[in-house]
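Biologist: Please take a close look at one part of this model for me, the salt bridges, and then set the rest of the surface and the pockets around that picture.

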Amino acid sequence: MELALVALFLIAGLASLFMSWVIGAGSSGATPFAPAVGANAISTMRAAFVVGIFGLAGAVTQGANVSEAVGRGLVGGVSLPAAGVIVALFVGAGLMAVGIYTGYPIATAFTVTGAVIGVGMATGGTPMWAKYQQIGTVWLLTPVVGGGIAYGIASVLPRADVPERATIPVLAALVGVVLANVDFAFLGPGGKPGSVTALGERLLGVDGVAATAALSGGVAVAVAAAVYWDVRRDEAGGLRRVLLALGSLVAFSAGGSQVGLAVGPLLPLLEDVGMRSPAVVLLGGGVGILVGSWTGAPRMIKSLSQDYSSLGPRRSIAALVPSFLIAQLAVLLGVPVSFNEIVVSAIIGSGAAVGGSEAVDPRKITVTVGAWVGSFALSFALGFGSMTAIGSF
């Protein structure tokens, strides 16, 4: 193996770790618990600690799909060289660092996706239009679907004729069913990815749609019963515990989605240095997210929890349920998605349901959306321009 290749791979690895840290300090480290902090259910520093742990777990167990899409699915015909990987990661991480410093949630998925496509185009790659259409559809629908679901849930929860002891268990059961049917690393046969329900089917010696439905129904009943008992026994405490559980699940989903933005560009290089399994790289990215969450996330958590709307526990739950559902859909599809976009849209929807236009800051929202759009265009231009300049030497 050439020494120069090893040196470039090590630099790319450091760039990936830097990106992982930025992700933990920004999007995945801040957004999952911002609603909980806004509802005074947990302190900012404790939220940063918890989100780091769950982000690491999600990165290791659910990070493969998005990593593969970012590493090999955005540009056709070429494999990003080590220099291109370094450029893409530093462009994405640099723009994210600006967002953290200014307090505005720059979308990680937009910056990394734009940078990777820009670098790939500069090296002679061909556009992957089908994948771009899928990604663009998810990005465009996320604010509408996430904000709409959050608005609907938040509109129901405060009503006197719909008590929390009925609505909260139903929402928790829905989340439990989804969690039981998504894939996790190592749960499938032979150490492959598999779901909890599929594992249950193998242990019980049954299979088929009826078995999956029965096991899913069992999970729904168990979760609903536990939450019903808790909320009926202590409504305030029960709502707080549900909120913290949802925040943990969103943090887990964030790790599974966002780690791919940091380590995905490294995948084409693994074969060049003789490394076949991405598991070690996913673990490294997860550790970077963990450290970033612990050391840099509190600033962004505070910004999101205080600046976008006045949140209580019910509106926070309304924001986190669609955030979890959209995040898991993105992991399933292998689509790089922005957690800033997911959670901010849900926060806006849930806040508007109760407080109307006074519950959100229009100027802040306008600037944030502009930052999302501008970050993609700027990262593409910087990636393309930098790689073109490097190639001219």
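Modeller: What follows starts with the salt bridges and then moves to the pockets, one unusual backbone angle, one long-range contact and a nonpolar patch.

The model is predicted, and every value given here was computed from it. The structure contains 6 salt bridges. A useful place to begin is R314, which pairs with E164 at a distance of 2.4 Å between the closest N and O atoms. Because R314 sits in helix α15, covering residues 313-333, while E164 sits in helix α9, covering residues 164-181, this pair ties together parts of the chain that are 150 residues apart in sequence. The two partners can also be described by their accessibility: R314 is partly exposed, with a relative accessible area of 27%, whereas E164 has 10% and counts as buried. The cut-off behind that reading is that buried means under 20% relative accessible area, so a value of 10% places E164 in the buried class.

R314 also takes part in a salt bridge with E235, where the closest N and O atoms are 3.2 Å apart. Here E235 belongs to helix α12, residues 235-263, and R314 to helix α15, so this pair ties together parts that are 79 residues apart in sequence. E235 itself is partly exposed, at 40% relative accessibility. Taken with the pair described before, R314 of helix α15 is therefore joined by salt bridges to E164 in helix α9 and to E235 in helix α12.

A salt bridge within a single helix is found between R233 and D230, whose side chains meet at 2.7 Å, N to O. Both residues lie in helix α11, residues 209-233, and they are 3 residues apart, which is about one turn of the helix. Their accessibilities fall into separate classes, since R233 is partly exposed at 49%, while D230 is buried with a relative accessible area of 11%. This pair is also part of a wider arrangement, because a network of salt bridges links D230 and R233 with D234 and R241.

Helix α15 leads from the salt bridges to the pockets. The largest pocket has a volume of about 440 Å³. It is lined by 21 residues, of which T61, Q62, A64, A185 and P193 are the closest to its centre. Two or more lining residues come from each of α4 (44-62), α5 (64-72), α14 and α15, and α15 is also the helix that holds R314. By class, the lining of this pocket is made up of 12 nonpolar, 7 polar and 2 charged residues.

The second largest pocket has a volume of about 300 Å³. Of the 14 residues that line this pocket, F110, G136, W139, L140 and F376 lie nearest its centre. At least two lining residues are supplied by each of α7 (108-122), α8 (129-156) and α17 (362-391), and α8 gives the most, with 6 residues. The lining divides by class into 11 nonpolar, 2 polar and 1 charged residues.

Two further details concern single residues. F186, in the loop between α9 and α10 (196-204), has a positive phi of about 75 degrees although it is not a glycine. With a relative accessibility of 55%, F186 counts as exposed. V66 offers a contrast in accessibility: this residue of helix α5 is buried, at 0% relative accessibility. The C-alpha atoms of V66 and P336 are 6.0 Å apart in space, although the two residues are 270 residues apart in sequence.

Finally, the surface carries a nonpolar patch of about 620 Å², made by L8, I11, F18, W21, F90, L283, V287 and V291. Helices α1 (3-25) and α14 (279-307) each supply at least two residues of this patch, and the largest share, 4 residues, comes from α1. One of the contributors from this part of the chain is L8, which lies in helix α1 and is partly exposed, with a relative accessible area of 34%. Membership of a patch requires over 30% relative accessible area, so the 34% of L8 is in keeping with its place there. Helix α14 thus appears in two of the settings described, as a source of patch residues and as a contributor to the lining of the largest pocket.

Notes:
Residues are numbered from 1 along each chain as its sequence is written. This is a predicted model: local features need pLDDT of at least 70, side-chain atom pairs count only at pLDDT 80 or more; totals for chains, interfaces and linings use all residues. Side-chain values use heavy atoms; hydrogens and water are left out. Patches are made of residues with over 30% relative accessible area and no salt bridge: like charges are joined within 9 Å, nonpolar side chains (Val, Leu, Ile, Met, Phe, Trp, Tyr) within 5 Å. Accessible areas come from the Shrake-Rupley method with a 1.4 Å probe; for residues, only the protein chains shown count as cover. A salt bridge is a side-chain nitrogen of Lys or Arg within 4 Å of a carboxyl oxygen of Asp or Glu. Buried means under 20% relative accessible area, exposed over 50%, partly exposed in between (1.4 Å probe, protein chains only). On a 1 Å grid over the protein atoms alone, a cavity is a set of points where a 1.4 Å probe fits but cannot get out, and a pocket is an open set with protein on both sides within 12 Å along at least five of seven lines; lining residues have an atom within 4 Å of a point. Grid points are joined across faces, edges and corners, and a volume is the space filled by probe spheres set on the points. Ala, Val, Leu, Ile, Met, Phe, Trp, Tyr, Cys and Pro count as nonpolar, Asp, Glu, Lys and Arg as charged, and the others, Gly among them, as polar.
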